[in-house]
Each structure stands twice: as structure tokens, then as C-alpha cells.
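Visitor: Could you zoom in on one part of this model and walk me through it slowly? I'd like to see how that part sits among its surroundings, and then a few spots elsewhere to set beside it.

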Amino acid sequence: MLDPDYWYKRGAAHYGSGLFEEAADSLARAIEADPIFFEARYLLGEALRKKGRYQAAVESYDAALDLKPDHPRSWRGRAVALNELDRHEEALESADRALGLDPRDARCWIVKGYAFHALGRFSEAAESYDRALEIEPLGPRAGRAWNNKGAALDNLGRHEEALECYDESILIDPFDFYTWNNKGVSLIALKRPEEAVECFGKAVELFPGYTTAWRNRALALKSLGREGEAEEALDRARDLEAR
């Protein structure tokens, strides 16, 4: 059996290259050689999460936290995985543990906001996204925070405020098709279907396989009496869903 540092470095190199399955295999070898290798257990959790193996990721984070309970990134990674498992109350607890150790982790505030949103606690979700934006007003995570805050405000019926959030998100990342679709949904709620059609069109221009945006575009076109175009958009959605 090779030295655990060799397997850890090999796993870290695979992880950095986006080869998460290979990373997990190497990191497991490192842990087999040294069961109290904290860094290997943490990075294994990250690799498993990237592969969508969320329950296994939670178990790896738990093992890492048994060794080092004051590691905020392990708590945050655990919260992300728990959200993916629809265990949102537990995700909130993990996010709070992480933020208690590192209150300026913008990403963790977004994770916490996601958990609140999934639980229907939209005001608290919006507040969490605001905290993220206070810490990181620019950059890709800021774009996501603005988009997610807009979605929370939409659920509260505050559509004009939601539109402002989507516009901020688009300024940061004009290629985010989710935000264009969400902006269209807000415009529909505000009875502005012409503008909504443009937003849904931008969403499917950026991601032609975005079924939801095609369906939303069809509904907006139909409300304008543009039946032929609406049917074309609906056909496109059906074709994508049938593949």
C-alpha cells in the first residue's frame, strides 16, 4: 500500500481537473491507509457531492467533522448535500454551524437562503441573500444571490422588487438563462406579456434545451393572441421532453 499522502495528492489533482470519480477513488485509498486523515475525508465529501452522491457525501463530511468539528467548509458542504437530499431543516442547522465559524462566507448565506426558500420561508430566504450580497456585491455568486432573492420576492407577491433583482443579476451575468426565464415569469405576473416573451426568447436563445422557458414562452404568446407562434413554442417543448 502506498503512502496516504501520495493518494491524497493524486485525489486532489484529479479533483482539480474535474475528475471527481477518480478523485473519490484515490481519496478513499488515502483514508484506507490513514483513517484519521482529515483533509482526505473533507475532499472526499466534496468529490462525492460533485458526483451527485449526496448521502455518501454527508457521511464523509460527518467523518471529517468528527475529526475537526470547527471546520466551516465541511459544515457548508454538508448543508449543500442535505439541501440536495431535501433535508432542508438539517441543511439550515449545518449552514448555521458554518456561519457561526465564518459569518462572512457569502456562499453559505446563499445555501441557507436556498434551504429557507425550499421550506417556504421566503422572507428569511430574501434576508439570507441580502447578507450574501453585503459580503460579496459582485461576481458569479452575487448574480446567483440576486436571482434567488428575486425568486423569493416573487413568491411573496413583490414582483416589481423581484424584477429589480433579476436586472441586477443580469448585469452581473447576462448569460444566465434561469434569470431571464424568472424575469419573464415576473413580467407575466405584472401583466406585461410582450416583455415576458422577449425574456423567454432570450432564455431559449442562451439554452435551446430549456423546456420550461419554451412552455412559458408559449403561454405568454397565447395570452397575446399569437396562437401560431405559441403552438410552435409548445411543440418545441414537447419535442425536448420526448427525447
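Guide: Let's settle one cut-off before anything else: a residue is called exposed when its relative accessible area is over 50%, buried when that area is under 20%, and partly exposed in between. Asp86, at 60% relative accessibility, therefore counts as exposed. Keep in mind that this is a predicted model.

Now the setting. The protein chain has 14 helices and zero strands, so there is no sheet to look for by the DSSP count, where helices and strands are runs of assigned residues. The C-alpha trace spans about 70 × 40 × 30 Å along its principal axes. Of the 243 residues, 49% are buried. Take the contacts between residues at least 6 apart in sequence: 47% of them join residues at least 24 apart.

The part I'd zoom in on is helix H9, residues 140-155. Its 16 residues reach 23 Å from first C-alpha to last, close to the 22 Å expected at 1.5 Å a residue. H9 is largely enclosed by the rest of the structure, because 12 of its 16 residues are buried. Those buried residues are Ala142, Gly143, Ala145, Trp146, Asn147, Asn148, Lys149, Gly150, Ala151, Ala152, Leu153 and Asp154. What do they pack against? The partners are helix H7 (106-118), helix H8 (122-135), helix H10 (159-172) and helix H11 (177-189). Just after H9 comes Gly157, with a positive phi near 80°.

Lys149 deserves a stop of its own. This lysine is found in H9, and with a relative accessible area of 14% it falls under the 20% cut-off, so it is buried. Leaving aside neighbours within four places in sequence, Lys149 is in contact with Ala126, Tyr129, Asp130 and Cys165.

Next, the pairing of H7 and H9. Their axes come within 11 Å and cross at roughly 20°. That angle is under 35 degrees, so H7 counts as roughly parallel to H9. The crossing of the two is left-handed. On the H7 side the contact is made by Arg107, Ile110 and His117, and on the H9 side by Arg141, Arg144, Ala145, Asn148, Ala151, Ala152 and Asn155. By type, the residues of this contact divide into four nonpolar, three polar and three charged. If you want to see how positions on a helix face a partner, an α-helix has 3.6 residues a turn, so residues three or four places apart point the same way.

Two of the partners of H9 also pack on each other. H10 and H11 have their axes 9 Å apart, at an angle of about 160°. With the bar for antiparallel set at over 145 degrees, H10 and H11 are therefore roughly antiparallel. This crossing, too, is described as left-handed. H10 brings His159, Ala162, Leu163, Tyr166, Asp167, Ser169 and Ile170 to the meeting, while H11 brings Thr179, Trp180, Asn182, Lys183, Ser186, Leu187 and Ala189. That contact splits into seven nonpolar, five polar and two charged residues.

Now a few spots to set beside H9. Leu119 is found in the loop between H7 and H8, and its 32% relative accessibility makes it partly exposed, so it sits in the middle class. Skipping neighbours within four places in sequence, Leu119 is in contact with His88, Glu89 and Leu92. From Leu119 to Ser223 is 104 residues in sequence and 32 Å in space, C-alpha to C-alpha.

Ser94 has its place in helix H6. At 1% relative accessibility this serine counts as buried. Trp75, Arg78, Ala79 and Leu82 touch Ser94, not counting residues up to four places away in sequence.

Last come two backbone spots. Most residues other than glycine have a negative phi. Asp86, though, has a positive phi near 60°, and it lies in the loop between helix H5 (72-84) and helix H6 (88-101). Lys191 also has a positive phi near 60° without being a glycine; its place is the loop between H11 and helix H12 (193-206). Lys191 is exposed, with a relative accessible area of 72%, whereas Lys149 back in H9 is buried.

How values were computed:
Residues are numbered from 1 along each chain as its sequence is written. This is a predicted model: local features need pLDDT of at least 70, side-chain atom pairs count only at pLDDT 80 or more; totals for chains, interfaces and linings use all residues. Side-chain values use heavy atoms; hydrogens and water are left out. Helices (H or I, at least four residues) and strands (E, at least two) are DSSP runs, numbered from the N terminus. The expected span of a helix is 1.5 Å times one less than its number of residues. Buried means under 20% relative accessible area, exposed over 50%, partly exposed in between (1.4 Å probe, protein chains only). Contact means heavy atoms within 4.5 Å. Axes are lines fitted to C-alpha atoms, for helices over the stretch in contact, and angles run from 0 to 180 degrees between N-to-C directions. Angles under 35 degrees count as roughly parallel, over 145 as roughly antiparallel, 65 to 115 as roughly perpendicular and the rest as oblique. A crossing is left-handed if the near helix is turned anticlockwise from the far one by less than a right angle, and right-handed if clockwise. Ala, Val, Leu, Ile, Met, Phe, Trp, Tyr, Cys and Pro count as nonpolar, Asp, Glu, Lys and Arg as charged, and the others, Gly among them, as polar.
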